[in-house]
Amino acid sequence: MEINIRQWRREDLPQIQTAWLDYCRSVARSDMRLKPHADAEMKQWLNSRFRHTQSLGLIAEADHDIAGFLIGRIDDWESIPPLIESRRIGIIDALYVSENFRRQGTGRLLIDTAIEKMRASKAVAVETIYDAWNDASARTWHRAGFAPWMVHAYRML
């Protein structure tokens, strides 16, 4: 089955919202609960990101079905404290592949397409966050050339 990558459209937002919220519900840990109005907040966030000129939204499509999506942005990075010169980077905020399309290269195709678009926008680097305990996710990002730089550690109390 051929996977095509295209820019997101406004009519994609409800499917993205449903898939992302379902995913969040399935991976939430004991210390993480969705807000009571998560649906409305997610809808508002997606609409805001869709309108933002620096946002990047990609849809992986197979036979007119959404196989996955990637949401990112291109922004000027500032260090805290502000000691390092600002630089333009790409940020991948979300990568999702529907279960039926996993392990078929769909995620990698979305990542590669995003990287090319970010490079064309003069980004010098791309960053993302992924679940270090999810082996499939870690493999996907490592195969795409991502490596840990700063470790964001977490401890439950």
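Trp20, Tyr23, Trp45, Phe69 and Tyr96 form one aromatic cluster in this predicted model. Aromatic pairs, counted with ring centres within 6.5 Å, number seven. One of them joins Trp20 and Phe69, whose ring centres are 6.2 Å apart and whose planes meet at 45°, a tilted arrangement. The two residues of this pair come from distant parts of the chain, with their positions 49 residues apart: Trp20 belongs to helix α1 (residues 13-27) and Phe69 to strand β3. Trp20 has a relative accessible area of 17% and is therefore buried, since buried means under 20%. For Phe69 the relative accessible area is 2%, so Phe69 is buried as well. Another aromatic residue, Trp77, has a charged neighbour: Arg87 lies over the face of the Trp77 ring, at 4.7 Å from its centre.

Phe69 leads to the strands, since β3, which covers residues 65-77, runs antiparallel to β2 and is joined to it by eight bridges. Within this pairing, Leu56 of β2 has Gly72 of β3 as its bridge partner. Strand β2 also pairs with β1 (residues 4-7), again in the antiparallel sense, over four bridges. There, Ile5 is matched with Ala60 of β2.

How enclosed is strand β2? Because eight of the eight residues in this strand (residues 55-62) are buried, the rest of the structure largely encloses β2. The cover extends to both faces. On one side the buried residues are Ser55, Gly57, Ile59 and Glu61, and on the other they are Leu56, Leu58, Ala60 and Ala62.

The connection from β2 to β3 is a hairpin with two residues between the strands. Asp63 is found in this loop, and His64 has its place there too. Asp63 has a positive phi of about 50° although it is not a glycine. His64, likewise not a glycine, has a positive phi of about 65°. Are these loop residues buried or exposed? With a relative accessible area of 58%, Asp63 is exposed, because the exposed class begins over 50%. His64 counts as exposed at 76% relative accessibility. The loop residues thus contrast with β2, where eight of the eight residues are buried.

Ahead of β1, in the segment before that strand, is Ile3. Its relative accessible area is 17%, so Ile3 is buried. What is Ile3 in contact with, leaving aside its neighbours within four places in sequence? The contacts include Ala60, Glu61 and Ala62, which are among the buried residues of β2. Ala67, Phe101, Thr106 and Leu109 are also in contact with Ile3. The C-alpha atoms of Ile3 and Gly107 are separated by 11 Å, although the two residues are 104 places apart along the chain.

Thr106 and Gly107 bring the reader to helix α3, where both are buried. This helix has 15 residues, numbered 106-120, and at 1.5 Å a residue it should span 21 Å. Its end C-alpha atoms are 21 Å apart, which agrees with that expectation. Besides Thr106 and Gly107, the buried residues of α3 are Leu110, Ile111, Ala114, Ile115 and Met118. These buried residues cover an arc of only 170° around the axis, which means that they are on the same side of α3. On the other side of the helix, Arg119 and Ala120 are exposed.

Which elements cover the buried residues of α3? The cover includes strands β1, β2 and β3, together with β4 (87-97), β5 (125-128) and helix α4 (135-143). Just after α3, Lys122 takes a positive phi of about 70°.

Helix α4, part of that cover, holds Ser137. Ser137 is buried, with a relative accessible area of 19%, because the limit for that class is under 20%. Leaving aside its neighbours within four places in sequence, Ser137 is in contact with Tyr130 and Asp131.

Terms used: Residues are numbered from 1 along each chain as its sequence is written. This is a predicted model: local features need pLDDT of at least 70, side-chain atom pairs count only at pLDDT 80 or more; totals for chains, interfaces and linings use all residues. Side-chain values use heavy atoms; hydrogens and water are left out. Buried means under 20% relative accessible area, exposed over 50%, partly exposed in between (1.4 Å probe, protein chains only). Two strands pair if DSSP finds at least two bridges between them. The expected span of a helix is 1.5 Å times one less than its number of residues. The arc is that of the directions from the helix axis to the C-beta atoms. Contact means heavy atoms within 4.5 Å. Rings of Phe, Tyr and Trp (its six-membered ring) pair if their centres lie within 6.5 Å; planes under 30 degrees apart count as stacked, over 60 as edge-to-face and the rest as tilted. A charge sits over a ring if NZ of Lys or CZ of Arg is within 6 Å of the ring centre and within 35 degrees of the ring normal.
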